[in-house]
Amino acid sequence: MSAPDTMPPVPVRRRIHPAWTVAAVAFLALVGAAGFRAAPGVLMVPLQNEFGWSTTVLSAAVSINLVLFGLTAPFAAALMERFGIRAVTAVALVLIGAGSALTVLVTQSWQILLTWGLLIGLGTGSMALVFAATIANTWFAKSRGLVIGILTAGSAAGQLVFLPFIALLAQDPGWRQASLLIGAGALAVVPLVLKFLKNSPADVGVLPYGATPPAAGASTGVEASESGTTAPGQAAPGPETAEPRRNAAVRALQVLKRASKVRTFWALVAGFAICGATTNGLIGTHFIPSAHDHGMPETTAAGLLAVVGLFDIIGTIASGWLTDRFNPRILLAVYYQFRGIGLLVLPLLLSATVQPSMIVFVVIYGLDWVATVPPTAAICRQVFGADGSVVFGWVFAAHQLGAAAAALAAGAVRDATGQYTYAWFAAAAMCTIAAVISATIRKDARKTESVPVPA
């Protein structure tokens, strides 16, 4: 009797799932797109010195940019579904690069509105936080929260990478070279996007990371969508999911109509509008000019903002971890109140030199910068279910509208009073309002949990 045939164990080759490659390229794309986020505060003073434009004019260009950034966001996912993630991302980076590079040719104030405002606004709007959510939902069945947190931190990394170099170039040889650096940074990522940023796992013949293969005979249509393995931007075979994707822009408007009837939606909108006003709109745009008013060199102030970007990465990832373990509404209230305290004391900290108290402010403000994103997205998901990501897109639009209003208003305050003090105090008061609103969301959410919000 012969011994039974046995086969030696076949070693399993472990390789990196393509989802992580896509996430890495998406991170680099967000870094490249974030280059302009650091630019206005650094370039504002040199442009004023050369052309004599008022702070209000330059703030208006930033406001247009922020408005388009916000209003494009709810439809960004629809564009990616219609034309593909790769194509939309590549075009967005080209718009950002072109808008920044063409800035070197401006001679009239209306031209800066077109470059800083229109071109870069449309480009960055297509690379908003919805882009991070689309990547996470399309390519990942698990670890989505971690991926969104890391990709969200890409904007902070972009600020960290570009800001010191922009400040040095703006000082010598000049702001034109700084603008070209931003354009080059955005365009440099385009080849990587075209080669490695696939539209869906189906393009490379794999399932999303962490997804389990369906059982034999199981449907791959609606059930897959409901289990979370089919996501916006991912091709699905079932006709039930194809129609909503063709009408994604219409669906975005329909979700807005339904969400607008829920009090929690308006609480999130109000809080996130204040969040945008006190980050991108105020600190991001006017911190360096305000520090310059107090005698601080622009390169020093830019270095402080770079530190904000560094701690923003830490704070965003930590906030995602905390959101999984604590009440996101309470986290929001704490974040906003700490931010308000920081803005209240900021006028006392600004001086020609960097004091230890300013370092403390920069660290705390950096940890708090976009720490509000994970808990806000979590509340959207808890209250609005399947429509949560689209609702978050509209809430993010409010974030950018608040930033645009603050950027313009702070510039007007500076022109009218010769300083930013009243702008800082007003922002501190708004943060207190946001903290109170966020603390009351819990009661409103309980009342709306049974409200049907169909996908």
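## A tour from helix α8 outward

Select helix α8 first and colour its buried residues: W175, A178, S179, I182, G183, G185 and A186. Looking down the axis of α8, these buried residues fall within an arc of 160°, so they line one face of the helix. An α-helix has 3.6 residues a turn, so residues three or four places apart point the same way. The helix itself covers residues 175-188, which makes 14 residues. From first C-alpha to last, α8 reaches 20 Å, close to the 20 Å expected at 1.5 Å a residue.

Keep in mind that this is a predicted model. The chain has a mean pLDDT of 78, and 84% of its residues reach 70 or more.

**The whole chain**

Zoom out and show the ribbon. There are 21 helices and 0 strands in the chain. Of the 455 residues, 53% are buried. Among contacts with a separation of 6 or more, 83% join residues 24 or more positions apart.

**From α8 to L43**

Next, select L43. Which residues does L43 contact, leaving aside its neighbours within four places in sequence? They are W116, I166, A170, W175, A178 and S179. W175, A178 and S179 are among the buried residues of α8.

L43 also belongs to the largest nonpolar core, which has 87 residues. The residues with the most contacts inside this core are V42, L43, W116, I283, F287 and M358. Helix α19 gives the most to the core, with 11 residues. Apart from it lies another core, of 29 residues, among them A33, M80, V88 and A186. A186 leads back to α8, where it is one of the buried residues.

**Helix α5**

W116 is the way into helix α5, so select residues 109-125. At 1.5 Å a residue, the 17 residues of α5 should span 24 Å; the end C-alpha atoms are 23 Å apart, which agrees. Buried in α5 are Q111, I112, T115, W116, G117, I120, G121, G123, T124 and G125.

**Two places where distant parts of the sequence meet**

Go to helix α19, residues 388-417, and pick F392. F392 counts as buried because its relative accessibility is 7%, under the 20% cut-off. Now add V130: the two are 262 residues apart in sequence, yet their C-alpha atoms are 8.1 Å apart in space.

Then move to helix α16, residues 328-349, and pick A333. Is A333 buried or exposed? At 13% relative accessibility, A333 counts as buried. Not counting residues up to four places away in sequence, A333 touches A435, S438 and A439. A435 is 102 residues from A333 in sequence, and 4.0 Å from A333 in space, C-alpha to C-alpha.

**Cysteines**

Select C431, which is buried, with a relative accessible area of 0%. The closest cysteine sulfur to that of C431 is in C275, at 8.3 Å, too far for a bond. A disulfide would need the sulfur atoms within 2.5 Å. C380 is also buried, with a relative accessible area of 0%. How many disulfides does the structure hold? The count is 0.

**Where to read with care**

Finish with residues 217-246, where pLDDT stays under 50. For this stretch the model has 37 contacts beyond four places in sequence. Residues 446-455 also have pLDDT below 50, with 12 contacts in the model beyond near neighbours in sequence. Where pLDDT is low, the predicted coordinates should not be read in detail.

Definitions and conventions. Residues numbered from 1 in each chain as written. Predicted model: local features only at pLDDT ≥ 70, side-chain atom pairs only at ≥ 80, totals over all residues. Heavy atoms only, no water. pLDDT = per-residue confidence, 0-100. Contact = heavy atoms within 4.5 Å. Helix = DSSP H or I, 4+ residues; strand = E, 2+ residues; numbered from the N terminus. Expected span 1.5 Å × (residues − 1). Buried < 20%, exposed > 50% of the residue type's maximum accessible area, 1.4 Å probe, protein only. Arc of directions from axis to C-beta. Core = buried A, V, L, I, M, F, W, Y, C linked by side-chain atoms within 4.5 Å.
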